[in-house]
Amino acid sequence: MPMIKIFYTPPGFGNITEFLFKEAVTAAGYGINNDYSNILYLSPSPVNVKEAQKTFHNLQGGKCYYIPPETATISQYCKRMYSASGDKRLIDGMLIPLILSSISGKGIGFSSAVCGLISDLKLYYPDLDTDSLKIKFEGIFHELNIPESLSRVITDSLEIFGRYKLSGEGNGFVDSDDVINIVNHEFGVLGLEPDRNYSLLILDGFYDPTPAEKNFLKSIIRCSDKTFISVPYDNSFMGLIKGYMDFLKENFDVEEIYLKEGHGARGKGQEF
């Protein structure tokens with residue numbers, strides 16, 4: 001079983017990314033011969049990933065002769081995996097509204113809105129095809145007594161979604177959301193693993209991952225020897241993070257550490 005630590009951070013804690021890297025490098029003892037490539041750092045935002053790279057470099061005291069940790073968002077990591085073995089073209093997300101406009105005959109504004117909806121559907125309902133989604137939403141519309149003039153926008157969007165999927169299958173392309181679900185299928189259904197196992201995984205900045213992202217996190221945690229996870233701990237965030245904490249505790253044995261201002265820590269299960 002992998003060892004998993006959840007670090008709860010209070011408001012005003014400071015740079016949690018720096019703390020996690022120090023824990024990984026100093027306390028956990030990784031980085032023999034200045035090689036930190038056995039650490040994988042994941043964050044939900046590309047901006048956070050860039051900042052994490054800078055933070056880690058600053059911790060090296062200006063030295064250049066080291067191999068840094070692998071850093072990525074979930075989407076970036078899945079695209080790296082898919083590029084090594086995938087058999088379809090991965091299209092740029094900026095092209096999707098253009099493709100949807102061509103398919104539907106609608107303008108770019110409407111197609112951009114549909115693009116966002118399609119992305120949400122792929123990430124929040126990864127196991128449902130378009131026919132199942134139509135049935136699900138029809139049930140919701142009926143239950144809430146939503147007039148057809150409003151529900152028609154969603155049903156039209158689902159129709160475009162179906163045609164977009166057929167276009168991808170016929171023309172041999174996938175998008176970044178497809179790739180996350182493809183990698184999840186390889187992990188969860190086919191039983192495959194990443195091309196390497198990591199000594200330490202850092203999950204920094206996640207608080208409300210989608211079902212597709214949870215599927216990925218479940219697999220990558222199981223493929224890592226140790227995992228350090230940061231979770232903001234504040235009454236104003238409890239509604240957002242509860243689902244994430246429940247997901248972690250339901251799937252793994254975790255050690256909970258409550259940090260306090262000044263990079264201190266209290267023991268398992270203690271409040272600050």
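This report walks through the strands, cores, helices and largest pocket of a predicted model.

## Ground rules

Residues are counted from 1 along each chain as its sequence is written. Since this is a predicted model, local features need pLDDT of at least 70 and side-chain atom pairs count only at pLDDT 80 or more, while totals for chains, interfaces and linings use all residues; side-chain values use heavy atoms, with hydrogens and water left out.

## Strand β2 and its neighbours

Let's start with strand β2, residues 39–42 (helices, H or I with at least four residues, and strands, E with at least two, are DSSP runs numbered from the N terminus). Both of its faces are covered: I39 and Y41 are buried on one side, L40 and L42 on the other. Here, buried means under 20% relative accessible area, exposed means over 50%, and partly exposed is in between, using a 1.4 Å probe and protein chains only.

Which strands pair with β2? One is β6 (residues 198–203), parallel to β2 over four bridges; another is β3 (residues 70–72), also parallel, with three bridges. Two strands count as paired if DSSP finds at least two bridges between them. Y41 has I202 as its bridge partner in β6, and Y41 stands opposite T71 in β3.

## Further along the strands

β6 also pairs with β7, in the parallel sense, over five bridges. In that pairing, L200 stands opposite K226 of β7. Strand β7 (residues 224–232) is in turn joined by seven bridges to strand β1 (residues 3–9), and those two run parallel.

β1 has a parallel link to β8 as well, made of five bridges. I6 is a handy residue to look for: I6 stands opposite I229 in β7 and opposite E256 in β8. As for β8 (residues 254–260), five of its seven residues are buried, so this strand is largely enclosed by the rest of the structure.

## Two nonpolar cores

In soluble globular proteins, nonpolar side chains tend to be buried together. A nonpolar core here is a set of buried Ala, Val, Leu, Ile, Met, Phe, Trp, Tyr and Cys residues joined through side-chain atoms within 4.5 Å. The largest one has 37 residues, and L42, Y77, L203, F216, I220 and Y244 touch the most other members. There's also a second, separate core of 18 residues, including F19, A24, L200 and I202.

## Helix α3

Helix α3 covers residues 74–85, twelve in total, and reaches 17 Å from its first C-alpha to its last. That is close to the 16 Å expected at 1.5 Å a residue, where the expected span is 1.5 Å times one less than the number of residues. Its buried residues are I74, S75, Y77, C78, M81 and Y82. Seen down the axis, they fall within an arc of 160 degrees, so they line one face of α3; the arc is taken from the directions from the helix axis to the C-beta atoms. Turned away from that buried side are the exposed residues S83 and A84.

K79 sits in α3 too. K79 is partly exposed, at 32% relative accessible area. Its C-alpha lies 9.4 Å from that of D175, although the two are 96 residues apart along the chain.

## Helix α6 and the loop after it

Helix α6 (residues 130–144) has 15 residues that should span 21 Å, and its end C-alpha atoms are indeed 21 Å apart. T130, L133, F137 and F141 are buried in α6. They cover an arc of only 70 degrees around the axis, which puts them on the same side of α6. An α-helix has 3.6 residues a turn, so residues three or four places apart point the same way. The face of α6 turned away from the buried side carries exposed D131, I135, H142 and E143.

Where is N145? N145 is found in the loop between α6 and α7. Its phi is near 55 degrees, a positive value in a residue other than glycine, and N145 counts as exposed at 67% relative accessibility.

## The largest pocket

Pockets are found on a 1 Å grid over the protein atoms alone: a pocket is an open set of points with protein on both sides within 12 Å along at least five of seven lines, and lining residues have an atom within 4 Å of a point. Grid points are joined across faces, edges and corners, and a volume is the space filled by probe spheres set on the points.

The largest pocket has a volume of about 760 Å³. Its lining has 28 residues, of which P126, D178, N181, I182 and H185 lie nearest the centre. The elements that give two or more residues to this lining are α5 (108–124), α7 (148–171), β5 (173–174), α8 (176–188) and α9 (211–222). α8 gives the most, with six residues.

Note on methods:
1 Å grid on protein atoms, 1.4 Å probe; cavity = no way out; pocket = protein on both sides within 12 Å on 5 of 7 lines; lining within 4 Å.
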